[in-house]
Amino acid sequence: RDFNERCAQCSEVNWGLTDGGRFYCRSCHNVTEKITDVPNTDFASNTKIQTVSKSVRKQEKTGCEKKICEGFQLVLRKQAEALQALGVCPQIKDEVLWNFWRCYLQKTKQAYCDRPAGETVEPLSVCDSGTDVDSDPERLSLYSSLSESEGDLQTDCSFVSSTSKVSESTLVHSRSGSVDGSLYLMKNPKEKMRMTMPMTLSFCYMALLWMRETMTLSELLRFVFEGHIPYLNVFQHFPEKMKLRGPDIKIFCVESWPSYEEVFNKMHELAEFLDLPRFPDVTDSCFLHPDMLCMKYLMEANLPDEMHNWTCRVVKKTCIGEVDFLTLVPGNKSTRKVKYDVLAAAVIVVVLKLLFLLDDNYEWLLSDFAQERNKNNEDGPYFELKKWYKVLKCTLDVEQKKLDERRAKYLWRCEKPLFYSAKKKSKVLKRRQIVVNLQNQFGRLSGSVQPAEKPNPSSFQLRWSEENTDGSCFHGHSLKGILQEKCGLLTAMNPRYWLCTLKLCNEKLCGHLAHYGEADFPHSYHFVLRLFSFLLRIEPSYIHDEVCMIEHKLFNKKLCKKKKKKRK
């Protein structure tokens with residue numbers, strides 16, 4: 001009653017005392033650092049001691065039980081810090097990503113929610129089963145930001161379980177790790193959006209998209225693969241109090257790379273699950289706009305700068321640069337989910353088909369024609385597709401081989417061995433030491449080279465400089481050698497165009513808009529898809545889907561006329 005200070009979070013004066021003697025706000029459950037001495041008036045000198053409580057030293061040693069969501073919160077914090085180090089706006093950590101995470105905890109009833117009416121909640125703790133949850137609001141408290149998760153995890157990071165009854169076997173099993181680790185692995189059809197390691201990247205991408213940052217999803221996953229963003233073996237950054245044991249290993253220890261589609265689809269499910277409003281508009285000045293991304297991928301694919309004018313014309317003609325088309329509206333099933341990086345790559349592929357046809361015949365004729373014109377050209381070199389193909393194929397084969405070797409040599413197991421129980425600890429450590437010794441011996445015999453350090457983070461994987469004297473850079477080359485002037489405008493000499501498919505499939509039923517098989521399409525078309533597939537680290541079929549979508553938008557009128565003629 002004597003404590004009259006206002007709460008720093010809700011400005012209310014409605015204080016209570018925790019079992020630890022701290023003041024907490026009954027309105028928002030905020031716990032202060034101030035401690036008071038509470039006299040015990042029930043003590044009498046003549047009474048006989050019936051029970052003995054746990055010692056303070058033992059409580060300090062064991063601490064409060066940890067939950068799975070606390071581990072994911074630490075993972076998100078580490079990933080947010082890595083994004084900041086890569087140049088992302090600092091607001092992504094304590095404002096955007098933290099608000100998404102807090103909303104998720106509230107939606108899943110892990111924190112920031114009232115107890116459901118008529119439900120008896122029991123804390124998943126092995127300390128004192130008679131303690132009421134409401135009398136210990138420290139177990140209800142969360143951080144006010146991801147930055148504060150570096151603080152005392154022992155008291156300020158525990159959450160209330162929403163399960164009404166927990167079997168004794170579950171409690172015993174959870175002692176080897178987190179409180180709810182074994183329950184977390186049980187499949188519950190009623191539970192939605194259970195947190196996983198790939199979902200942490202979905203949270204990061206959702207925050208990047210909200211802030212309209214320059215990092216695309218393909219770049220995010222590439223930085224994960226290169227080790228710039230913590231994902232594999234991220235539990236090694238956990239404090240000593242949160243070491244992985246028991247079932248927690250299956251949750252946080254991953255041995256596969258996250259796929260583009262998995263992270264992308266889960267991000268959209270998360271945005272809808274959290275009831276997020278319309279995301280900030282993606283305008284033509286935003287980096288995620290196709291005009292901006294096409295410029296980037298044209299530079300990385302070593303294509304002429306003049307081709308950007310053609311990509312802008314395709315974007316404008318097909319209306320895929322409109323704000324309503326590009327902006328994410330969670331829950332709106334009438335709009336198509338936009339993959340910004342894949343869409344930009346598909347626009348470039350369509351432009352290459354418009355200019356060179358890519359049918360394994362016409363493009364080589366145009367290249368020979370440009371080569372002849374280059375002999376008498378004094379204004380600057382004309383773009384030769386055949387020469388570009390040879391340079392890119394050589395570079396792509398070398399880089400793809402390096403990528404495959406790095407994937408094959410990747411060590412999935414962490415340096416610190418993990419064990420499911422304390423009984424197996426000695427066996428696991430001994431086995432791990434034997435493996436290390438054998439690796440060192442075979443390494444000396446084979447003379448294997450130490451693994452190279454991870455590359456410096458960069459938005460570009462392939463770099464081309466016009467200063468090179470070998471002529472391997474095509475940025476400044478002109479397209480006039482393959483264009484003709486009509487009515488004052490430069491148009492393609494190619495009067496034809498072949499469609500990848502005449503009819504689009506139902507993407508929800510088939511999973512793809514069109515079928516893609518390497519043997520069914522020209523080699524030059526497949527090579528271009530393979531190039532952008534390497535740059536984006538996705539399957540060529542996903543780029544092919546976007547190409548088909550753009551083509552049907554571009555030639556919609558002609559396709560409608562053909563359908564009418566067939567009906568007649």
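# Why the words fit

Tutor: Let's start with Leu 445, which has its place in helix H17. This is a predicted model, in which local features need pLDDT of at least 70, side-chain atom pairs count only at pLDDT 80 or more, and totals for chains, interfaces and linings use all residues. Residues are numbered from 1 along each chain as its sequence is written, and side-chain values use heavy atoms, with hydrogens and water left out.

Student: What makes a stretch count as a helix or a strand?

Tutor: Both are DSSP runs, numbered from the N terminus: a helix is a run of H or I with at least four residues, and a strand is a run of E with at least two. The chain has 21 helices and five strands.

Student: Why is Leu 445 called exposed?

Tutor: Exposed means over 50% relative accessible area, buried means under 20%, and partly exposed is in between (1.4 Å probe, protein chains only). Leu 445 has a relative accessible area of 72%, so it is exposed. In the chain, 45% of the 568 residues are buried.

Student: Which residues make up the nonpolar patch with Leu 445?

Tutor: Ile 434, Leu 438 and Phe 442 join Leu 445 in that surface patch, with about 450 Å² of accessible area together. Such areas come from the Shrake-Rupley method with a 1.4 Å probe, and for residues only the protein chains shown count as cover. A patch takes residues with over 30% relative accessible area and no salt bridge; nonpolar side chains (Val, Leu, Ile, Met, Phe, Trp, Tyr) are joined within 5 Å, like charges within 9 Å.

Student: Why is Phe 474 called buried?

Tutor: Its relative accessibility is 0%, so Phe 474 counts as buried. Phe 474 lies in the loop between helix H17 (425–446) and strand S4 (483–486).

Student: What does Phe 474 touch?

Tutor: Contact means heavy atoms within 4.5 Å. Leaving aside residues up to four places away in sequence, the contacts of Phe 474 include Leu 303, Pro 304, Phe 383 and Trp 388. The C-alpha atoms of Phe 474 and Pro 381 are 9.0 Å apart, although 93 residues separate the two along the chain.

Student: How do you know that the length of H15 agrees with that of a helix?

Tutor: The expected span is 1.5 Å times one less than the number of residues. For the 14 residues of H15 (residues 362–375) that gives 20 Å, and the end C-alpha atoms are 21 Å apart, which agrees. The buried residues of H15 are Tyr 362, Glu 363, Leu 366, Ser 367 and Ala 370.

Student: Why do we say that these buried residues line one face of H15?

Tutor: Seen down the axis of H15, they fall within an arc of 135°, so they line one face. The arc is that of the directions from the helix axis to the C-beta atoms. These residues pack against helix H14 (340–356), helix H16 (385–409) and helix H19 (523–536). Exposed Leu 365 and Lys 375 are on the face turned away from the buried side.

Student: What makes the pairing of Glu 372 and Lys 375 a salt bridge?

Tutor: A salt bridge needs a side-chain nitrogen of Lys or Arg within 4 Å of a carboxyl oxygen of Asp or Glu. Glu 372 and Lys 375 meet at 3.3 Å, N to O, so the pair qualifies. Both lie in H15, three residues apart, about one turn of the helix. An α-helix has 3.6 residues a turn, so residues three or four places apart point the same way.

Student: Why is Glu 372 called partly exposed?

Tutor: Its relative accessibility is 46%, so Glu 372 counts as partly exposed. Lys 375, at 58%, is exposed.

Student: Which parts of the chain does the salt bridge of Glu 551 and Lys 353 link?

Tutor: Their side chains meet at 2.6 Å, N to O. The pair links distant parts of the chain: Glu 551 is in helix H20 (residues 540–554) and Lys 353 in H14, 198 residues apart. Glu 551 is buried, at 0%, and Lys 353 is buried too, also at 0%. In H14, 17 of 17 residues are buried.

Student: How many salt bridges does the structure hold?

Tutor: There are 16. One of the salt bridges joins Arg 77 and Glu 81, with their closest N and O atoms 3.1 Å apart. Arg 77, Glu 81 and Lys 93 are linked in a network.
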